[in-house]
Amino acid sequence: MMMNAKQRCISLLKDCKTLQNIKKIQAIATKTSLLNDPFISGKLILLSAISISDALQYACNLFLEIPSPDIFTYNTLIRGLSESNSPQQSLLTYIEMRRKTILQPDSFSFAFILKAAANYKSLDGGIQLHCQSLVHGLDNHLFVRTTIVSMYAECGCISSARKAFDELSQPNVVAWNAIVTACFRCGDLKGAEVLFGRMPFRDLTSWNIMLAGYMKAGEVEPAKRIFAEMSAKDEVSWSTMIVGIAHNGRLDEAFEYFRELNSAGMRPNEVSLTGVLWACAQAGAFEFGKVLHGYIEKAGFGMMVSVSNTLLDTYSRCGNVQMAHLVFDWMIINKNIVSWTSMMASFAMHGLGKEAVQLFHNMESSGVIPDGITFICILYACSHAGLLKEGIGFFHKMQATYGIEPSIEHYGCMVDLYGRSGLLRKAFEFVIEMPIEPNDIIWRTLLGACSIHGDVTLAEQVKERLSELDPTNPSDHVLLSNIYAVAGKWRDVVSVRRSMTDQNIKKSPGWSMIEVDKIMYNFVVGEGSNGVTKEAQEKLMEIMSRIRIEGGYIPEVGSVLRDIEEEEKENAVSLHSEKLAVAFGISRLCRGSVIRVVKNLRVCRDCHVVMKLISKVYKWKIVLRDRSRFHSFHEGQCSCQDFW
DNA sequence: GTAGGGTTAG
C-alpha cells in the first residue's frame with residue numbers, strides 16, 4: 001500500500017528516538033511542505049526537544065521556521081522545554097507568545113508551563129502562573145489545578161499545595177494522589193499517611209505513591225509492609241521496591257527482590273534493571289552484572305540510554321574499565337551527557353586522568369555541551385592523577401566558556417587538586433578566599449591532604465574548624481590520629497582516642513566484599529569466626545609469612561590507632577578486612593582470575609603495601625575499590641602510583 | 001493532533 005508523505009512522517013515519528021531520524025523526517029516534511037502542517041511540525045519539535053542531547057537548539061530553530069504557529073504548536077514547544085534541562089526557556093516561550101501573538105493560553109498551556117515552574121523550582125514564577133490561570137478562568141480546571149498542587153509541593157510550599165487541593169469541590173483520584181505525593185515531597189510523612197487513610201478511592205498508583213514516598217524518606221520497613229499488603233502489583237511497584245531498597249543501601253535485599261520479581265512471572269523493565277545494576281555497581285558484583293548484561297542485550301534494553309549508562313557505570317565500579325569503554329563505544333548514536341560524564345568518571349576512578357582529559361576534548365568536538373557534573377568528574381580526574389595545570393584550566397573554562405557557576409563540589413575538587421599536589425598552603429588560602437562558606441566536606445578534603453603530606457600543624461588548624469562544624473564525625477578523629485601516629489606523636493594519638501571514647505564516638509567498622517561464584521562475601525574487622533572468616537584468616541597467615549620471606553615485607557604500623565605494643569599493632573593491621581577478603585579470594589578463586597574487592601573505607605598504607613607484594617609474589621591481579629577510587633595491583637605496582 | 005498523580009542513569 002502506498003503511503004502519502006504525511007502518513008510516512010507519522011509512522012516514522014512513532015518510534016523516533018534520535019536527532020538523525022528527526023532530521024530525516026524534517027527533510028521529507030520540508031520537501032513536501034508538510035512543515036506547514038501543525039501536527040507534523042508540533043510533533044517534530046516535541047520529539048526533538050525532549051531528552052535528546054543537543055537537540056534543544058535544533059527544536060527552537062525548527063520552531064522559528066513555522067510561519068504562524070498556532071496554540072497547539074506553542075504548547076508542544078512549551079511542553080518540550082518544560083521537560084528539558086532548562087525549563088526557564090519554557091516560561092520565556094510562554095511570555096513571548098503572550099507578547100507577540102494574540103493567542104490565548106488554554107488548559108494545556110497552563111498544565112505544561114506550571115510543570116516547568118515545578119521543574120525549575122520557581123515559587124515566584126509558579127505563583128504568577130497560578131494568578132494568570134485565574135485571570136483566564138482556568139484555575140479550577142481539574143488538570144490545571146492538579147498541576148498547581150504538584151507545583152507548590154515541588155517548590156516546597158506544602159501549605160499552598162494543601163489550600164489548592166482543599167478548594168477542589170470534587171477531587172478525583174489523580175488529585176488525591178497529587179496531594180499525597182505533595183506531602184511526601186515536603187517531608188510530611190504523617191500528613192501523607194493521614195490523607196492516604198482518608199482517600200475515598202484508591203488506584204494502584206496511590207499504593208505505589210506510598211511505596212516511593214517511604215523509600216525516598218529512608219523508611220524501608222513501612223514500604224515493605226505496604227508492598228506485602230498490596231493485592232495487585234505492577235511493574236512500577238516492583239521497580240520502586242528494587243530501586244528504593246538499593247538506594248537505601250540494602251544491596252542483598254535488592255538482589256532478592258529482583259529474583260522475586262522474576263519468579264513472580266513478571267519481566268524486568270528498564271527501571272528495575274537500572275536499579276539492580278546500580279546495586280551491582282555498589283557491591284562490586286561483576287559476575288552478576290555480566291549476567292544482567294546478557295539479558296539486557298537479549299531483551300533489547302541496550303537501546304535505552306539510561307540502561308546502557310548504568311551498565312557502563314556498573315562495569316566501571318566493578319573495576320573493569322575496558323568493558324565500560326566497550327559499552328560506551330557501542331552507544332554510537334545514543335550517547336548523552338550522562339554517558340560522556342560516566343565514562344570520564346570511570347577513567348578518573350581508575351587513575352586514567354590523561355584519558356579522561358582526552359575524552360573531554362572528544363566530547364567537545366562532537367558538539368556535546370558539558371554541565372556542572374561533567375566538570376566535577378573532570379576535576380576529580382585531574383586531582384586524582386596529579387594533573388594540576390589541566391585542572392586549573394578546566395576550572396576556568398567552566399566559568400569562562402560555559403558560564404557554569406562553581407558549586408561547593410567544584411571548590412572541593414580544587415582543594416583536593418591543590419592539596420594532593422602538595423600545595424597545602426595554596427589549598428588553605430583557596431578555602432579561605434572562596435565565595436561560598438566552606439562546609440565540613442571541604443575541610444575534610446584538606447585534612448586528607450594534610451594526612452598524605454604529613455603536615456601536622458595545618459592538620460590541627462583544619463581539625464579545629466571541623467570540630468565546630470561536625471564534632472562527632474569518627475573519620476575526622478581517625479584521620480587526625482593517623483597523622484599523629486605517622487609522625488610518631490603517640491601522646492597526641494592517645495589524647496584523640498581518649499576524646500573519642502569520652503564523647504562516645506565510634507569508628508565506623510571497615511568491611512570488604514568479594515564475589516566468589518556470583519555470591520558476595522562480606523568481611524568485617526574483628527567480627528565473627530565463622531567458617532569463611534577462619535578460612536580467610538588461615539590463608540592470610542600463610543600469605544603474610546610468604547610475602548615477608550619472599551617480598552621483604554615490613555609492617556607499616558603507623559596505620560593503627562593506638563600506641564600499643566609493636567606486635568599487637570602488627571596484628572591489628574594484619575586483620576584489616578581487605579586483607580581477609582583478598583586472602584579468601586586466593587583461597588577460593590581459580591588461578592588466573594582477577595581478585596576484585598570492594599571496601600567501604602579508604603585503604604590504609606599497610607594494606608596497600610601488602611597488596612602490591614601479593615600481586616608480585618603470588619602473581620595475582622588484584623582490583624581493590626575503596627571509598628574514593630580504584631587500585632589495580634599488578635606485578636608489585638599499583639595503578640594509583642601510590643597517589644591516593 | 002497536546003494534559004494532571006507513582007519507578008530510571010553521571
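A residue is near a molecule or strand if one of its heavy atoms lies within 4 Å of it. By that criterion, 51 residues surround DNA strand B, and F72, N177, D203, N208 and K216 come nearest. This is a predicted model, in which local features need pLDDT of at least 70 and side-chain atom pairs count only at pLDDT 80 or more, while totals for chains, interfaces and linings use all residues. Residues are numbered from 1 along each chain as its sequence is written, chains are lettered from A and ligands numbered from 1 in the order in which they are written, and side-chain values use heavy atoms, with hydrogens and water left out.

**Surroundings of DNA strand B**

- Sugar and phosphate make up 41% of the atoms of DNA strand B that come within 4 Å of the protein.
- The surface near DNA strand B comprises 18 nonpolar, 22 polar and 11 charged residues; Ala, Val, Leu, Ile, Met, Phe, Trp, Tyr, Cys and Pro count as nonpolar, Asp, Glu, Lys and Arg as charged, and the others, Gly among them, as polar.
- Helix α19 (residues 305-317) contributes the largest share of this surface, 6 residues; helices are DSSP runs (H or I, at least four residues), numbered from the N terminus.

**Polar contacts with DNA strand B**

- A polar contact here is a pair of N or O atoms within 3.5 Å.
- An N or O atom in the side chain of D203 is 2.4 Å from a base nitrogen of the strand.
- A base nitrogen of DNA strand B also lies 2.9 Å from a polar side-chain atom of N309.
- The side chain of S342 has an N or O atom 3.2 Å from a sugar or linking oxygen of DNA strand B.

**Packing of α21 with α23**

- The axes of α21 (residues 337-349) and α23 (residues 372-385) come within 8 Å and cross at roughly 15°; axes are lines fitted to C-alpha atoms over the stretch in contact, and angles run from 0 to 180 degrees between N-to-C directions.
- The two helices α21 and α23 are therefore roughly parallel (angles under 35 degrees).
- Residues of α21 including I337 and M349 meet residues of α23 including I373 and H384, where contact means heavy atoms within 4.5 Å.
- That contact of α21 with α23 has 10 nonpolar, 3 polar and no charged residues.

**Packing of α20 with α21**

- Helix α20 (residues 321-330) packs against α21 at an angle of about 165°, with the axes 10 Å apart.
- This makes α20 roughly antiparallel to α21 (angles over 145 degrees).
- V321, A324, H325 and F328 in α20 meet S339, W340, M343, S346 and F347 in α21.
- By class, 6 nonpolar, 3 polar and no charged residues form the contact of α20 with α21.

Note on methods:
Parallel < 35°, antiparallel > 145°, perpendicular 65-115°, else oblique. Polar contact = N/O pair within 3.5 Å; in protein donor to acceptor, adjacent residues only side chain to side chain.
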